[in-house]
Amino acid sequence: MRIVVTDGHTLNPGDLRWEGLQALGDVVIHDRTPEDLVADRCKSAEVIITNKTVISAGTITGAKKLKLIAVTATGFNIVDLKAADERKIPVCNVPGYGTDSVAQHTFALLLELTNHVGTNAQSVREGAWSRSPDWCYSRLPLSELHGKTLGIVGFGRIGRQVGKIAAAFGMKVIYHDRSEKPGAARKVSMEELFSASDVVSLHCSLKDDNYGFVNARLLSTMKPTAFLINTARGQLINESDLAVALGNKTIAAAALDVLSKEPPPADHPLVGLANCLITPHNAWLSFEARSRIMKTTCRNVEQMLAGNPQNIVNFR
């Protein structure tokens with residue numbers, strides 16, 4: 001069994017082991033694969049394992065022995081499912097691996113917006129405290145989360161975990177989702193969520209009908225003191241509209257772990273804004289989350305070989 005890993009460095013920069021996968025076949029691991037080399041590197045593969053490398057119709061057509069495409073993530077929009085369906089090639093993913101890690105990162109972003117730990121710590125490194133005439137200071141105003149309203153867009157595993165953490169902080173939680181979710185939080189319309197929330201946090205999947213739904217109109221309904229957090233998909237936000245809203249102080253700040261293009265171009269409208277905190281798609285990246293991905297991916301391949309494929313996202 002020839003297994004080709006197209007972009008292994010993202011999943012395993014050196015702190016995990018490939019042995020579980022190597023026990024299943026002849027494994028070729030590429031740290032990264034440029035777009036113009038994908039088809040050639042995958043043409044002899046029976047199993048393609050990808051994280052963010054796009055597996056196009058041409059790549060699928062050219063891989064004559066292909067039996068499985070395994071995505072080492074939950075999202076699978078990088079794979080041409082129509083081409084995989086036509087070849088009757090199953091595509092599998094790794095659901096639910098990052099619930100705790102993404103929820104934790106969401107609050108790391110939020111707490112930086114309210115407590116400015118990183119900003120103030122950096123000021124101390126730069127000598128500002130030593131030069132201060134006062135025994136304490138903060139570069140930016142601090143605020144409490146207790147009593148504030150968190151609006152969660154997308155109330156699946158991650159959204160519900162974020163809601164639990166918010167409740168522990170004493171926040172009021174409301175949500176918007178395509179379906180009703182039982183629990184303590186109250187479901188509201190999208191318009192009410194954006195207008196009533198002190199913090200809006202995105203945790204919904206990217207669908208054909210929600211590209212750029214966070215736009216100028218919706219942003220204009222938010223409180224001028226509100227924060228917007230996105231650890232889901234960058235394409236959910238109209239980034240030009242958000243840049244204008246931040247520049248005009250329509251909202252107070254944003255904290256983003258994802259952008260519509262990654263890595264972003266140097267002239268990206270949000271990069272460098274003082275009231276826009278951006279981390280480089282870190283939320284999923286904990287050692288524990290990546291370990292779960294590795295384990296589940298090995299299991300996905302193993303189950304395919306046993307004739308019992310799991311976590312299949314096509315053929316629906």
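1. How many nonpolar, polar and charged residues does the lining of the largest pocket have? In this predicted model, the lining of the largest pocket divides by class into 20 nonpolar, 19 polar and 11 charged residues. The volume of this largest pocket is about 1500 Å³, and among the 50 residues that line it, T74, H203, C204, S205 and L206 are the closest to its centre.

2. As to which helices take part in the largest pocket, α6 (99-115) and α9 (157-168) each contribute at least two residues to its lining. The largest share of that lining comes from α9, which supplies 3 residues.

3. Helix α6 also holds T106, a residue that may be worth inspecting in the displayed model. T106 counts as buried because its relative accessibility is 2%, where the cut-off for buried is under 20%. The side chain of T106 reaches back to the backbone oxygen of V102, at 2.9 Å. Once residues up to four places away in sequence are set aside, T106 touches V162, S201, H203, I229 and T231; one of these, H203, is also listed with the residues closest to the centre of the largest pocket.

4. The second largest pocket deserves a separate paragraph. Its volume is about 1000 Å³, and 34 residues line it, with K52, K261, E262, P263 and H281 lying nearest its centre. By class, the lining of the second largest pocket consists of 15 nonpolar, 11 polar and 8 charged residues.

5. Turning to the N-terminal part of the numbering, N12 is found in the loop that runs between α1 (8-11) and α2 (19-22). Is N12 buried or exposed? With a relative accessibility of 7%, N12 counts as buried, since the limit for that class is under 20%.

6. The side chain of N12 reaches two backbone nitrogens, that of G14 at 3.0 Å and that of L16 at 2.9 Å. Leaving out neighbours within four places in sequence, N12 is in contact with R17, W18, R290 and M294, so that a reader following this loop residue in the model should look both at R17 and W18 and at R290 and M294.

Technical notes. Residues numbered from 1 in each chain as written. Predicted model: local features only at pLDDT ≥ 70, side-chain atom pairs only at ≥ 80, totals over all residues. Heavy atoms only, no water. Helix = DSSP H or I, 4+ residues; strand = E, 2+ residues; numbered from the N terminus. Buried < 20%, exposed > 50% of the residue type's maximum accessible area, 1.4 Å probe, protein only. Polar contact = N/O pair within 3.5 Å; in protein donor to acceptor, adjacent residues only side chain to side chain. Contact = heavy atoms within 4.5 Å. 1 Å grid on protein atoms, 1.4 Å probe; cavity = no way out; pocket = protein on both sides within 12 Å on 5 of 7 lines; lining within 4 Å. Points joined across faces, edges and corners; volume = space filled by probe spheres on them. Nonpolar A, V, L, I, M, F, W, Y, C, P; charged D, E, K, R; others polar.
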